Amino acid sequence: MAEKTLIQVAKLGRTVGLRGYIKLYNLSDFPSQFKKGNSFYISKEEIITIKDFNRYNSTVLFVDYEDLNKAKKLTNLILYQSIEQTRKCCKLKKDEFFYFDILECEVYDDKQKLGKVCDIVKTGFSYLLEIQTDEELLRKKYSKIFYIPYIDKYVQKVDIDKHQIFCSNEAVLILENS
């Protein structure tokens, strides 16, 4: 069996009450995935299933962890989901992409390769693409890392199939001024 690639989707906090509920801290952009019957990994081999989820106070109860002492064993664990399952249960809107599809994309302006996306940083209501500068530009003494705001003014096209992002020439100004 091929090894599954897992991504973090939530962190479990302290227990709440006496029946085994646990505080859930969503680390994803898809709160709709936390519902009765959905399963998540807590290790590469161990899967737990949601028995009940209260979206108003973000508490979750898992099958076979319905008492306080059992639930305490889950405190501070990370919930993971496979990329395949994420693609199935999390629906994207037009021009939206999963983080894991954007990471490692090569970034270009209309003239040259600028680098690769190495991280995505959330800043309030928007995002910055953290770019590891291309070797050719490093030889010209450009900064090792720079940021491009993930807005239409700078990001013109994302081609997930080719792992490429195309930016306006204004993105090069960001690189030159970093």
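This tour proceeds through a predicted model, selection by selection.

**The six-stranded sheet**

Begin by displaying strands S7 to S12 as a cartoon. They form an open sheet of six strands in the order S10-S9-S8-S7-S12-S11, and the pairing is mixed. The edges are strand S10 (145–149) and strand S11 (155–159), each of which pairs on one side only. On average, neighbouring strands of this sheet are turned by 35° against each other, direction ignored.

Next, select strand S8 (residues 113–123) together with S9. The two run antiparallel and are joined by eight bridges. To locate one point of this pairing, select Lys122, whose bridge partner in S9 is Tyr127. As background, strands of a sheet pair through backbone hydrogen bonds, either parallel or antiparallel.

**Glu130, a buried acidic residue**

Remain in strand S9 (residues 126–133) and select Glu130. What is the nearest side chain of opposite charge to Glu130? It is Lys144, at 12 Å; Glu130 is buried and has no salt bridge. The side chain of Glu130 does have a polar contact of 3.5 Å with the side chain of Tyr147. Showing the surroundings of Glu130, with neighbours within four places in sequence left aside, brings up contacts that include Lys116, Cys118, Asp119, Ile145 and Phe146.

**Salt bridges**

The structure holds six salt bridges. In general, side chains of opposite charge can pair when their charged atoms come close.

Select Lys113 and Asp134, whose side chains meet in a salt bridge of 3.7 Å from N to O. This pair links distant parts of the chain: Lys113 belongs to strand S8, whereas Asp134 is in the loop between S9 and helix H4 (135–139), 21 residues apart. Asp134 counts as buried because its relative accessibility is 16%, under the 20% limit. Lys113, at 26%, is partly exposed. Add Glu106 to the selection to see the network of salt bridges that links Glu106, Lys113 and Asp134.

Now move to Glu66 and Lys51. Their salt bridge has its closest N and O atoms 3.2 Å apart. Glu66 lies in the loop between strand S5 (59–62) and H1, and Lys51 in strand S4 (residues 47–54), so the pair ties together parts 15 residues apart in sequence. Both ends are partly exposed: Glu66 has a relative accessible area of 32%, and Lys51 has a relative accessibility of 39%.

**Glu104: a salt bridge and a positive phi**

Select Glu104, in the loop between helix H3 (99–102) and strand S7 (106–108). Glu104 forms a salt bridge with Lys116, with the closest N and O atoms 3.9 Å apart. Lys116 is in strand S8, twelve residues from Glu104. Glu104 is partly exposed at 45%, as is Lys116 at 31%. The backbone of Glu104 also merits inspection: its phi is positive, about 75°, although Glu104 is not a glycine. Most residues other than glycine have a negative phi.

**Asn76 and strand S6**

Select Asn76, another residue other than glycine with a positive phi, near 70°. Asn76 sits in the loop between helix H1 (68–72) and strand S6 (78–82). Is Asn76 buried or exposed? Asn76 counts as exposed because its relative accessibility is 51%, over the 50% limit.

Finish with strand S6, which is mostly covered, four of its five residues being buried. Strand S1 (residues 6–16) runs antiparallel to S6 and is joined to S6 by five bridges. Select Gln8 and Tyr80 to view one of these pairings, Tyr80 being the bridge partner of Gln8 in S6.

Note on methods:
Residues are numbered from 1 along each chain as its sequence is written. This is a predicted model: local features need pLDDT of at least 70, side-chain atom pairs count only at pLDDT 80 or more; totals for chains, interfaces and linings use all residues. Side-chain values use heavy atoms; hydrogens and water are left out. Buried means under 20% relative accessible area, exposed over 50%, partly exposed in between (1.4 Å probe, protein chains only). Lys and Arg count as positive and Asp and Glu as negative; His and the chain ends are not counted. A salt bridge is a side-chain nitrogen of Lys or Arg within 4 Å of a carboxyl oxygen of Asp or Glu. A polar contact is a pair of N or O atoms within 3.5 Å; within protein, one must be able to donate a hydrogen and the other to accept it, and residues adjacent in sequence count only if both atoms are side-chain atoms. Contact means heavy atoms within 4.5 Å. Two strands pair if DSSP finds at least two bridges between them. Axes are lines fitted to C-alpha atoms, for helices over the stretch in contact, and angles run from 0 to 180 degrees between N-to-C directions.
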